[in-house]
Every structure is written in structure tokens, then in C-alpha cells.
Amino acid sequence: MIILHMVPTSIHVLIIEDNPGDARLIELMLAEHPEDGYRPSFAVRLSEGLELLARQPFDVILLDLSLPDSHGLSTVQSVLEAAPATPIIVLTGLADEATAMAAMKAGAQDYLTKGQGDGETLRRSIRYSIERMHTDEEKRQSGERLRRALMQTIQAVGLTIEKRDPYTAGHQQRVAELATAIGRELDFDPDRLEGLMLGGVIHDIGKIAIPSSFLNKPGRLTVTEFALIKTHSAIGYDIIKDVEFTWPIAQMVRQHHERMDGSGYPDGLKGEDILFESRIICVADVIESMASNRPYRPALGIDVALEEIARNKGRLYDETISDACLRLFHEGRFSFQGGEGPIA
Ligand SMILES: [Fe+2]
């Protein structure tokens, strides 16, 4: 559906065109519709157009691809960079159909072939381009809002679990922060980092099913109590396995207590069979837990935690991940927010 009210009442058009005859023709066509309030500005070189764009906003850009100082697709790319939120309509010669299509792919909203079409075609193209740009921007914003709401919901779920267990308040958040720092050190792209962060924030979600008297118990747990606590990773997996995340969050949760030599739980997976993200969360989890107070012991401190990783890397913990993590701490590029202890 076209929503016409999106088009501004006065339309400031930047025409970047080096052929004076073509520029004059466009000006005349726009003048046919004074009710649209077209206000044309002209540039004959790309550099001149970019200067105008830096100085003021435009509603639409009519862009000739062959200019004295720029040619073809790079012209579109330069203008897109300078004004990413302004719709571009490419003006091309008759033989330039392929270039025009490539320009559309690169981000132009429409193209017009010079010498074809009339003022009405131009007018329609301008309105359509402005409307489509608005719609695209609205879609982008609503996608971004949805993404933020998802992140906040997951954070809220993470906090809910920790409300039952004051000793581990902030644990998942801190694990997520360290895991994300490790992922970044290992060149994860932003999307994969986001998934890793979410996995970290809810990795202990299964603890919701463990009686809080066990979680908060000072002193040693019995074998039975410990066996019950160990069920939390599989329970966490069950809780979220049907959520259609674009990342393997349920597997991250299930496998965060697996160890490289197969001595972990719940499945006793080994090495490469363990999801890489889980291997990261595992290292971050061990460090955060050892560096924090627990009901049954005071904090062991970050140095002891790092020693544990250094001593067992390659055997219990992934070597590449351990090295990346140790680098972050030893080079002073990571420290837990809010200190090493639990946040009250
Ligand atoms: Fe856990």
C-alpha cells in the first residue's frame, strides 16, 4: 500500500548531472507540478554534489552515473556513503540498463532512462522512491526494536533465575561479558557475538528447577544433591529447545559443562563435538565462578581462576579459547564489571 502522506509537501531535489540540456529538461519537468513544491539544486560534478549533501539535507537525489569526476557504480556508492538515508534515482543513457540494475542492487531506489518518459514518470519515481525509503527505514527501526526487546527479555529471564540465588546474582551477566570478550578476541562477527552473549546470559536457566536450598547451601553438597544440581544444563536445554532462535542457544546451554576430555556433563561430549560457543561459555563460567564468593567458600580470586585455565587448557578447556581468554586478562584488556565478587 502506498501511503502518500509520507512524501514531504516541499521536495528538495538534488540533481547531479553534468549535461546542461538534461539538467534543464529535468528542471522543466519538475516545474510542471508546482503543487508538489519541488525545489531543485544542481551540481555538475560528484564533488560538488557531495559538498551540497554535506551542507544540507535533501529529500531525493537524481544522479547521472557518468560525471566528469566519477563514473559508473562508484558514483552511486560515493553518494550512498554521503547520504545513506536519502533516496537516489539513477539517470542513465540508453545502453546502460545493466549498470542501472547494478545501481539498484547497490542501494539506489529507482532508475530512469534519459530521453524516455515524461514529467509524470519522473514525478512518480520521486514519490515512490521517497515512500519506499521511509518504509525501509520504518522496517529497519521496527526490526531493531524487536531485536532490543528480545535481548531485554532474555536478560530479564536471566535475572529471574538469579533472584532465587543471591550468591550467583550477576553471575550469568558477567559470564556473558567475558564470553563476548573472548568471542571478539577470536574475531566473531557481530551476529555470532550477539548469540554468544544471549547464551551466556541464560546458560544456567535450568537452575530454576533446582531447589534454592541446594543452590544456597553453605558447606559441601552430598553426592545426590550435586547429581541433582548437575541436571540444570539438560533442564535448561529442555526449557528453551523449542524457541526458534537464529543461534544454537539451547545447545550452548546444554553443553556449557562439557569438558574437552569427555569428563563433563550431561552427555560426556569430547573436543570438537562440543559446540564452540559452549566451550567459550565453559571457560568464562569457570573463571567467573572461581573469582566469586560461593555459599560453601569465599572467592578464590582471579589469579587462581586463570591458573586453573592455564593448567588445564587442551585437556579440560579448549586451547585456542583458553589462550584468547588468558591474553585478555594478562594484557589488561578485560576485567569483570562491578568487581570479582557477587553483586548484592
Ligand atoms: Fe552451569
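Helices here are DSSP runs of H or I with at least four residues, numbered from the N terminus. I note at the start that the model is predicted.

**Entry 1: a loop residue**

With helices so defined, I looked up Asp 187 and found this residue in the loop between α6 (171–185) and α7 (190–201). I read its phi as near 65°, a positive value in a residue other than glycine. Most residues other than glycine have a negative phi. I then checked accessibility: Asp 187 has a relative accessible area of 68%. The cut-off for exposed is over 50%, and Asp 187 is therefore exposed.

**Entry 2: a cis peptide bond**

I went through the peptide bonds next. Most peptide bonds are trans. The bond joining Tyr 265 and Pro 266 is cis, with omega at about 5°. I placed Pro 266 in the loop between α11 (249–254) and α12 (276–291).

**Entry 3: the iron site**

Which residues coordinate the iron ion? I listed Asp 204 through OD, and His 232, His 256 and His 257 each through NE2, at 2.1 to 2.3 Å. In sequence I wrote the spacing of these donor residues as D-x27-H-x23-H-H. The angles among the four donor atoms run from 81 to 169°. To count as tetrahedral, four donors need all angles between 85 and 135 degrees. I logged the site of the iron ion as irregular. I also looked up burial for two of the donor residues: His 256 and His 257 are both buried.

**Entry 4: the sheet**

I traced an open sheet of five strands, in the order β2-β1-β3-β6-β7, with parallel pairing. Why is one side of β2 and of β7 left without a neighbour in the sheet? I found β2 (38–43) and β7 (110–113) at the edges, each with a single partner strand, so one side of each has no neighbour in the sheet. From one strand to the next, the twist averages 20°.

I followed β6 (residues 88–92) to its partners. To β7, β6 is joined by four bridges, with the two strands running parallel. Across this pairing I noted Ile 89 opposite Asp 110, and Thr 92 with Thr 113 as its bridge partner. With β3, the pairing of β6 is also parallel and runs over four bridges. Here I noted Ile 61 opposite Ile 88.

Are the residues of β6 buried or exposed? I found five of the five buried, so β6 is largely enclosed by the rest of the structure. Ile 88, Val 90 and Thr 92 point one way from the strand, whereas Ile 89 and Leu 91 point the other way. I checked β7 in the same manner and found both of its faces covered. Asp 110 and Leu 112 are buried on one side, and Tyr 111 and Thr 113 are buried on the other.

**Entry 5: helices on the sheet**

I looked up which helices lie across these strands. Helix α1 (residues 20–31) lies across β1 (11–16), β2, β3 (60–64) and β6. I recorded its direction as about 175° to β2. Helix α5 (residues 119–163) lies across β1, β2, β3, β6 and β7. For α5 I recorded about 170° to β7.

I took helix α2 (residues 46–55) residue by residue. Its buried residues are Leu 46, Gly 49, Leu 52 and Leu 53. Seen down the axis of α2, these fall within an arc of 120°, so they line one face of the helix. On the face turned away from the buried side I found the exposed residues Ala 54 and Arg 55. I then listed what the buried residues of α2 pack against: β1, β2, β3, β4 (66–67), β5 (70–71) and α3 (73–82).

**Entry 6: Met 104**

I located Met 104 in helix α4 (residues 97–106). Its relative accessible area is 25%, and I put Met 104 down as partly exposed. Which residues does Met 104 contact, leaving aside neighbours within four places in sequence? I found Gln 109, Asp 110 and Tyr 111. I also took the C-alpha to C-alpha distance from Met 104 to Ile 88: these two are 16 residues apart in sequence and 9.1 Å apart in space.

Notes
Residues numbered from 1 in each chain as written. Predicted model: local features only at pLDDT ≥ 70, side-chain atom pairs only at ≥ 80, totals over all residues. Heavy atoms only, no water. Donors = N, O, S within 2.8 Å, 3.2 Å for Na, K, Ca; no water. Tetrahedral: all angles 85-135°; square planar, octahedral: opposite > 155°, others 65-115°. Buried < 20%, exposed > 50% of the residue type's maximum accessible area, 1.4 Å probe, protein only. Pairing = 2+ DSSP bridges. Axes fitted to C-alpha atoms, helices over the stretch in contact; angles between N-to-C directions. Contact = heavy atoms within 4.5 Å. Arc of directions from axis to C-beta.
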